[in-house]
Amino acid sequence: MEKLRIVFMGTPEFAVGILEAIIKNNYEVVGVITAADKPAGRGQKIKYSAVKEYALNHDLKLLQPTNLKDETFLTELKSLQANLHVVVAFRMLPEIIWHMPKYGTFNLHASLLPNYRGAAPINWALINGETKTGVTTFFIDENIDTGAMILSKEIEIATDENAGSLHDKLMVLGSRTVIETLSLIEKGNVETTLQKDNSEIKTAFKLNRENCKVDWNKSANEIYNLIRGLSPYPSAWCFLKDKEEELTIKIYEAKIIAENHSLKIGQIITSKKEIKVAVKDGFIEIISLQLPGKKKMKSHELLNGVIFSEKAQVE
């Protein structure tokens, strides 16, 4: 079999870990495709993607198309003479691209497919309280995350895991799985398994402001899972109302306190070091949070300078 000539497609930090593993295992990467530069932050300064930063630092051929069907881009992509495309956390590809290389185009997805197809698989596995997740490599087809599976690797989810720590573990597992997939393709030993749809498949919906908002009427466990599933990014949020003021706060870390009470749901109880929120089956203790215009801080740090009234509540 001829030597693999790989075009890698990806954008965030998760993809960098995989690209780095491919390079370190001495595979030839003839090109890297990542998202176009865009302004970010308060100053709207142009921000490079994590994959672009890596590609520039390692003198890799870089393409940043805004239109994946643009003829100029397609001509340049063909000129790289890749025989395999590897995709990690990029965007939906038109058939002309995924069908182009001799050995096809495979994607690494951070879930045990067919569950958690979509944009935010790491977050939703935690939000839904899963005890295990994993990564899957599959050949891309015309739909999102539905192609024939090559390899699937499982990992346990700790009860105190958050999206940040699980992201890092899956990046390591994903790197090993991609290298194993490349080896199978290189040796001509690939065997695929078709995904089977059923009514119980869970979806990794795109995260937005609405589905990141804490619903304090839910159980303590559901609230806890939402907070850790969105930490450190994009973070769970809610309204804090006190002294005729309403603030939008972000919550990064919490724990469950199983305790009976007769308090109103959402009522805030504080001590010198603790902030607790009454929920229907106990309390959620807020460990780490952020107020508007302030840095992220521990609750005991906030309580050094902020005093809540007895009517303080979250919504």
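These are my notebook entries on a predicted model, taken one topic at a time.

**Entry 1: the sheet**

I started with the strand order. Seven strands make an open sheet, running E5-E2-E1-E6-E7-E9-E10, and the pairing is mixed. At the edges I found E5 (62-63) and E10 (149-156), each of which pairs on one side only.

Next I looked up individual pairings. E1 (residues 5-10) and E6 run parallel, with five bridges between them, and here Val-7 sits opposite His-85 of E6. E6 is also parallel to E7 (residues 105-109), over four bridges; Val-86 has Phe-106 as its bridge partner in E7. For the antiparallel sense I went to E9 (residues 132-139) and E10, which share seven bridges. Thr-133 is matched there with Ile-155 in E10.

**Entry 2: strand E6**

How many of the five residues of E6 are buried? I checked residues 84-88, and five of the five are, so the strand is largely enclosed by the rest of the structure. The cut-off behind that word is a relative accessible area under 20%. Leu-84, Val-86 and Val-88 point one way from E6, while His-85 and Val-87 point the other way.

**Entry 3: nonpolar cores**

I then turned to the cores. The largest one holds 77 residues, and Phe-8, Ile-22, Val-86, Leu-182 and Trp-216 have the most contacts inside it. Helix H6 (residues 163-187) supplies the largest share, nine residues. Another core, of 20 residues, lies apart from it; Leu-63, Leu-80, Leu-113 and Phe-138 are among its members.

I picked Leu-182 for a closer look. Setting aside neighbours within four places in sequence, I found Leu-182 in contact with Leu-4, Ile-6, Ile-22, Tyr-27, Leu-84, Val-86 and Phe-106.

**Entry 4: nonpolar residues with some exposure**

Which residues form a nonpolar patch on the surface? I noted Ile-46, Tyr-48 and Leu-56, with about 280 Å² of accessible area together. Leu-56 belongs to helix H2 (residues 50-57) and is partly exposed, at a relative accessible area of 42%.

I also looked up Leu-263, in the loop between E13 (245-257) and E14 (268-270). Leu-263 is partly exposed too, with 31% relative accessibility. Beyond its neighbours within four places in sequence, Leu-263 contacts Ile-269, Ala-278 and Phe-283. Its C-alpha atom is 13 Å from that of Val-314, which is 51 residues away along the chain.

**Entry 5: salt bridges**

My search of the whole structure gave 15 salt bridges, and I followed up a few.

- Arg-5 and Glu-28 form one, with the closest N and O atoms 3.2 Å apart. This pair links distant parts of the chain, since Arg-5 is in E1 and Glu-28 in E2 (residues 28-33), 23 residues apart. Arg-5 is partly exposed at 25%, and Glu-28 is partly exposed at 27%.
- Glu-76 and Lys-61 form another, at 3.1 Å between the closest N and O atoms. Glu-76 is in helix H3 (residues 71-79) and Lys-61 in the loop between H2 and E5, so the pair ties together parts 15 residues apart in sequence. I have Glu-76 at 29% relative accessibility and Lys-61 at 39%.
- Lys-153 and Glu-180 meet at 3.4 Å, N to O. Lys-153 lies in E10 and Glu-180 in H6, so this salt bridge ties together parts 27 residues apart in sequence. Lys-153 counts as partly exposed at 26%, as does Glu-180 at 35%.

One last note: salt bridges with shared partners join Lys-3, Arg-5 and Glu-28 into one network.

Methods: Residues numbered from 1 in each chain as written. Predicted model: local features only at pLDDT ≥ 70, side-chain atom pairs only at ≥ 80, totals over all residues. Heavy atoms only, no water. Buried < 20%, exposed > 50% of the residue type's maximum accessible area, 1.4 Å probe, protein only. Helix = DSSP H or I, 4+ residues; strand = E, 2+ residues; numbered from the N terminus. Pairing = 2+ DSSP bridges. Patch = residues over 30% accessible without salt bridge, like charges linked within 9 Å, V, L, I, M, F, W, Y side chains within 5 Å. Areas by Shrake-Rupley, 256 points an atom, 1.4 Å probe, with all protein chains shown as cover. Salt bridge = Lys/Arg side-chain N within 4 Å of Asp/Glu carboxyl O. Core = buried A, V, L, I, M, F, W, Y, C linked by side-chain atoms within 4.5 Å. Contact = heavy atoms within 4.5 Å.
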